[in-house]
Amino acid sequence: MIEDAATPLLRRALRDGAVRPGATFHDLLTLAVGIALATEHHTEPSVPADRLLTLAVEGLSPSP
């Protein structure tokens, strides 16, 4: 059900160059689950989750 809703959005993002070629729904789901599991025991899980998501989206290299 989630995959059915997300796949058209991902296809559009891939077509528009907003997502790295070859990225799949399962890649994004795995990333989201990993972040959720890594932060679930934090007092305020949204803080480290936001940081990890930003690192995943923007990368580890500093901006020029």
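**Helices H2 and H3 and the largest pocket**

In this predicted model, helix H2 (residues 25-39) packs against helix H3 (residues 46-58) at an angle of about 145°, and the two axes sit 9 Å apart. The crossing of H2 past H3 is right-handed. On the H2 side, the contact comes from Leu31, Ile35, Ala38 and Thr39; on the H3 side, Pro48, Ala49, Leu52, Leu53 and Ala56 do the job. Sorted by class, that makes 8 nonpolar residues and 1 polar one, with no charged residues in the contact of H2 with H3.

As for H3 itself, the helix runs to 13 residues and spans 18 Å from its first C-alpha to its last, close to the 18 Å expected at 1.5 Å a residue. Right after H3 comes Gly59, with a positive phi near 90°.

The same two helices turn up again around the largest pocket, where H2 and H3 each put at least two residues into the lining. This pocket holds about 300 Å³ of space. H2 gives the most to its lining, with 4 residues. The lining includes Asp27, Leu28, Leu31 and Ala32, along with Leu53, Ala56 and Val57. Ala18, Val19, Arg20 and Ala23 complete the list. By class, the lining of the largest pocket counts 9 nonpolar and 2 charged residues, with no polar ones. Leu31, Leu53 and Ala56 show up in both places: they take part in the contact between H2 and H3, and they also line the largest pocket.

Notes: Residues are numbered from 1 along each chain as its sequence is written. This is a predicted model: local features need pLDDT of at least 70, side-chain atom pairs count only at pLDDT 80 or more; totals for chains, interfaces and linings use all residues. Side-chain values use heavy atoms; hydrogens and water are left out. Axes are lines fitted to C-alpha atoms, for helices over the stretch in contact, and angles run from 0 to 180 degrees between N-to-C directions. A crossing is left-handed if the near helix is turned anticlockwise from the far one by less than a right angle, and right-handed if clockwise. Contact means heavy atoms within 4.5 Å. Ala, Val, Leu, Ile, Met, Phe, Trp, Tyr, Cys and Pro count as nonpolar, Asp, Glu, Lys and Arg as charged, and the others, Gly among them, as polar. The expected span of a helix is 1.5 Å times one less than its number of residues. On a 1 Å grid over the protein atoms alone, a cavity is a set of points where a 1.4 Å probe fits but cannot get out, and a pocket is an open set with protein on both sides within 12 Å along at least five of seven lines; lining residues have an atom within 4 Å of a point. Grid points are joined across faces, edges and corners, and a volume is the space filled by probe spheres set on the points.
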